[in-house]
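Here is a short tour for anyone who likes to read a fold from the inside out. Have the structure open and follow along, heading by heading.

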Amino acid sequence: MSQFELHTIESAPDDAKPLLEQAKRDYGMVPGLYQVMASSPELLKSYFSLHELFENTDLSVAERNTIWLAISIENECHYCVPAHTAIAKQQGVSEEIIKSLRENKPLADTKLEALRTLTLTLVRNHGKATQEELDAFFAVGFKPRHVLDILVGMAQKTLSNYTNHLANTEVDAPFKAFTWRPEA
């Protein structure tokens with residue numbers, strides 16, 4: 001049994017209530033991740049803020065979803081992979097891209113593959129990349145700003161992936177169809 005409380009709007013600390021209410025309005029439910037995060041209103045506020053900031057980066061919908069899924073798969077997040085699979089589908093990311101990401105396979109799209117590769121390099125190497133790795137990223141049309149935009153997505157996914165690891169957050173019903181387990 002988890003020691004982490006799943007808050008309702010009513011049981012949440014006062015500073016978390018408005019964000020849980022917003023989630024209920026936006027999604028028709030309060031996702032389990034938010035229910036856990038509500039114990040620390042600062043964590044929940046940080047996650048919401050990072051999400052909004054990442055949505056406003058210079059990255060396309062497919063690029064943001066590539067980053068979210070690549071990081072969540074690398075971090076073996078049992079909750080975020082199904083959630084971001086559903087989000088990617090809802091946002092029009094192709095089945096081929098989603099399937100390749102979920103299987104941790106190279107993407108056919110050269111630019112998205114360069115993005116996935118650099119994202120994984122940054123996650124695995126704690127934010128470090130060689131000049132050659134950066135040059136390969138820039139060679140497909142990305143700019144230095146895009147490297148920094150990846151960091152915003154990394155910060156967001158670190159908060160959610162690690163929260164889900166600690167709390168063993170149950171996957172919400174709308175995402176269960178996309179349940180995912182890391183390869184052995």
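## Two cysteines without a bond

The cysteine sulfur closest to that of C77 belongs to C80, and at 3.5 Å the two are too far apart for a bond. This is a predicted model, and its disulfide count is zero. The cut-off makes the reasoning simple: a disulfide needs the two sulfur atoms within 2.5 Å, so the 3.5 Å between C77 and C80 leaves them unbonded. Seen from the other side, C80 is likewise in no disulfide, with the sulfur of C77 as its nearest cysteine sulfur.

Are these cysteines buried or exposed? C77 is buried, with a relative accessibility of 0%, and C80 is buried too, at 2%.

## The largest nonpolar core

A good place to go next is the interior. The largest nonpolar core has 26 residues, and the members that touch the most others are I67, L115, L118, F137 and I150. Which elements give two or more residues to this core? They are helix 4 (61-74), helix 5 (80-90), helix 6 (95-102), helix 7 (110-124), helix 8 (131-139) and helix 9 (144-167). Apart from this core lies another one of 22 residues, which includes A16, L20, C77 and C80. As background, nonpolar side chains tend to be buried together in soluble globular proteins.

I67 deserves a closer look. Beyond its neighbours within four places in sequence, I67 contacts F54, L59, L115, T119, I150 and G153. Two of these partners, L115 and I150, also appear in the list of core residues that touch the most other members.

## Helix 4, enclosed by its neighbours

Helix 4 is 14 residues in length, and its first and last C-alpha atoms lie 20 Å apart, close to the 20 Å expected at 1.5 Å a residue. Why can helix 4 be called largely enclosed by the rest of the structure? Because eleven of its 14 residues are buried. Those buried positions are E63, R64, N65, T66, I67, W68, L69, A70, I71, S72 and I73, a list that holds charged and polar residues such as E63, R64 and N65 along with nonpolar ones such as I67 and L69.

The packing partners of these buried residues are helix 3 (41-55), helix 5, helix 6, helix 7 and helix 9. Just after helix 4, E76 adopts a positive phi of about 55 degrees.

## Buried residues in helices 2 and 9

Helix 2 (residues 32-37) holds Q35, and M37 is in helix 2 as well. Q35 counts as buried because its relative accessibility is 19%, while buried means under 20%. Outside its sequence neighbourhood of four places, Q35 contacts E5, L6, H7 and V30.

M37 is buried with a relative accessible area of 0%. Leaving out residues up to four places away in sequence, M37 touches L43, L44, Y47, L159, S160 and T163. The contact with T163 joins positions 126 residues apart in sequence, whose C-alpha atoms are 7.4 Å apart in space.

N164 lies in helix 9 and is buried, also with a relative accessible area of 0%. Its contacts beyond four places in sequence are L33, C77, H78, Y79, C80 and T169, so this buried asparagine touches both of the cysteines from the opening section.

## Aromatic rings and a lysine

How many aromatic pairs are there? The count comes to seven. One aromatic cluster is formed by Y27, Y34, Y47 and F48; Y47 is also among the contacts of M37.

A charge meets a ring elsewhere: the charged end of K111 sits over the ring of F142, at 4.7 Å from the ring centre.

## Positive phi in two loops

Two loop residues share an unusual feature with E76, so to speak, in their backbone angle. N104 is a residue other than glycine with a positive phi near 55 degrees, and it lies in the loop between helix 6 and helix 7. N104 counts as partly exposed, at 37% relative accessibility.

H126 is not a glycine either, yet its phi is positive, at about 55 degrees. H126 is found in the loop between helix 7 and helix 8, and with a relative accessibility of 72% it counts as exposed.

Notes
Residues numbered from 1 in each chain as written. Predicted model: local features only at pLDDT ≥ 70, side-chain atom pairs only at ≥ 80, totals over all residues. Heavy atoms only, no water. Core = buried A, V, L, I, M, F, W, Y, C linked by side-chain atoms within 4.5 Å. Buried < 20%, exposed > 50% of the residue type's maximum accessible area, 1.4 Å probe, protein only. Helix = DSSP H or I, 4+ residues; strand = E, 2+ residues; numbered from the N terminus. Contact = heavy atoms within 4.5 Å. Phe/Tyr/Trp six-rings, centres within 6.5 Å; stacked < 30°, edge-to-face > 60°. Lys NZ or Arg CZ within 6 Å of the ring centre and 35° of its normal. Expected span 1.5 Å × (residues − 1).
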